[in-house]
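Visitor: Can we walk through this one together? I'd like the overall picture, then some details.

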Amino acid sequence: MVMKVYGDEMSACVARVLLCLHEKDTEFELVPVNLFACHHKLPSFLSMNPFGQVPVLQDDDLTLFESRAITAYIAEKHKDKGTDLTRHEDSKEAAIVKQWSEVEAHHFNPAISAVIHQLIVVPLQGEKSPDAAIVEENLEKLEKVLDVYEERLGKTKYLAGDSYTLADLNHVPYTYYFMKTSHAGLVNDRPKVKAWWDDLCSRPAFLKVSPGLTVIPVTN
Amino acid sequence: MELHLRMFHTGFLVYSSVFKPRPDRWSDQVGPRTGTFLVRSAGFKNIAKTKSFLSNLNPFGQVPVLEDGDLKLFESKAITRYLAEQYKDQGTNLLPDDPKKRSIISMWMEVDTNQFLPVASTLIKELIIKPYQGLATDFTSVQEGKEKLSEILNIYETRLGESPYLAGESFTLADLHHLPPIQYLLNTEEEELKNLIYSRPNVAAWVEKMKSRPAWLKAVAMEEHILDLMNRRRLPKQLDSSCHESTVVAQKTAMVVIANN
């Protein structure tokens, strides 16, 4: 049975999973979930993910939520085809991939998602304006993280070494949205980070997924 | 030190957040060689921010860091996974091989990262770290934190009604990562926080089972031993909790400093 992904292409977290599926040349069915109509808060959805968030993956009897757990599962299940996203054949290299994946989750994501939340989600909710103080505070945090990346990417082509892995992939959707804001300079002004980003955007899997990332941030 | 709290029966050098005063008076290795691992101090204020630490160990200037031969690894969830893999044939099997079972463990580790830990860390920061640092607790933030924690624990209560541990019938990395922050929440003076846990029978049973595990008891004893060594050598008054991957370790040491000054 084909894997099902619940969610919409414009969701960054859903896109993370779609990127992984394309890198692994794996068939899937996308089942839309109408977030604007709050279908992710209905009991039928909550029975799949009690936290009421997309994406959710169904693979036969397995139901999985949390996009990074989903990408890790897909990468492991299909480790023998498509791009080697985990370096599973060497335990130390695999650990380095995990390390930089955790960096994305713990250092990069909180800062960048806070900015995207203010500049995309808040305006869509219609009631408030973006909070400039939150944007400012998180841009500062993001700059520090990107300084570490600039240094790291001076030594290796990708974050976990010389090939593209989940550690890089997990960054893509939020960065794509971030580059549409007026703060793209944080990436553009760091040559190694910029080169890395351009490379990530040239991948065939990215070119299949990016057209779905249609939300426009406010220019703030 | 966070690594002690989470890992057992490992055989490498582990950098921990134990205070390291003047190098001419101390050797680098404080703490017992317990079983097969060694604890190395990386100190508090500024040690994890030195050029040497940043360029050789962790560019984010945080502990824990694990060294195994030429591998240097930071980020505790990467470290625990690596050790669970390397030692899967001994001790508790924290990470089974089956991809579907493993994915459930990953999922609950992500829930810890994205849902549980942000709320727990804020509460620990407001209720323990800030008072220690002489800063005012933001009680609005505490109240919001308790409400969010309550919602999250409702989900855990349902989950732990389906199986004794988060990912199924046995204790795994998914449960292990929750234990240190839960311990610190319980260490606060806040009855309401304790009640959030103990008023939920499945969550309470899960916490009590984890706390009674021999490995946890060993880790706590080792940490207390190390803190005692630190005590007798006079601790610094300054504590930089940004060194720590989570605030939980800073808090425990802070309590010792307060008790001795």
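Guide: Here is a short tour, going from chain B to the helix packing and then to a few single residues.

Guide: This is a predicted model, where local features need pLDDT of at least 70, side-chain atom pairs count only at pLDDT 80 or more, and totals for chains, interfaces and linings use all residues. Residues are numbered from 1 along each chain as its sequence is written, chains are lettered from A and ligands numbered from 1 in the order written, and side-chain values use heavy atoms, leaving out hydrogens and water.

Visitor: What does the secondary structure of chain B come to?

Guide: Chain B has 11 helices and four strands. Those are DSSP runs numbered from the N terminus: helices are H or I with at least four residues, strands are E with at least two.

Visitor: And how much of chain B counts as buried?

Guide: 58% of its 261 residues. Buried means under 20% relative accessible area, exposed over 50%, and partly exposed in between, with a 1.4 Å probe and protein chains only. Chain B exposes about 11,100 Å², with carbon and sulfur atoms supplying 49% of that; the areas come from the Shrake-Rupley method with a 1.4 Å probe, and for residues only the protein chains shown count as cover.

Visitor: OK, on to the helices. At what angle do α4(A) and α3(B) cross?

Guide: Helix α4 of chain A (residues 91-125) and helix α3 of chain B (residues 76-86) cross at roughly 155°, and their axes come within 8 Å. That makes α4(A) roughly antiparallel to α3(B). Axes here are lines fitted to C-alpha atoms, for helices over the stretch in contact, with angles from 0 to 180 degrees between N-to-C directions. Under 35 degrees counts as roughly parallel, over 145 as roughly antiparallel, 65 to 115 as roughly perpendicular and the rest as oblique.

Visitor: Which residues make the contact?

Guide: From α4(A), they include A:S91, A:K92, A:A95 and A:H106, and from α3(B), they include B:K77, B:R81 and B:Y82. Contact means heavy atoms within 4.5 Å. The contact residues divide into three nonpolar, four polar and five charged. Ala, Val, Leu, Ile, Met, Phe, Trp, Tyr, Cys and Pro count as nonpolar, Asp, Glu, Lys and Arg as charged, and the others, Gly among them, as polar.

Visitor: Is α3(B) largely enclosed or exposed?

Guide: Nine of its 11 residues are buried, so α3(B) is largely enclosed by the rest of the structure. Among the buried ones are B:I79, B:T80 and B:L83.

Visitor: How do α4(A) and α5(A) divide up at their contact?

Guide: That contact has 18 nonpolar, three polar and three charged residues. The axes of α4(A) and α5(A) come within 8 Å and cross at roughly 150°, which makes the two helices roughly antiparallel.

Visitor: Now single residues. Is B:K146 buried or exposed?

Guide: B:K146 is buried, at 7% relative accessible area. This lysine sits in helix α5 of chain B, residues 139-162. Leaving aside neighbours within four places in sequence, B:K146 contacts B:L123, B:E190, B:E192, B:L193 and B:L196.

Visitor: And where is B:D138 found?

Guide: B:D138 lies in the loop between α4 (99-132) and α5 of chain B. With 33% relative accessibility, B:D138 counts as partly exposed. Not counting residues up to four places away in sequence, B:D138 touches B:E126 and B:K130.

Visitor: One last stop: where is A:G154?

Guide: A:G154 is in the loop between α5 and α6 of chain A, and is partly exposed at 47%.
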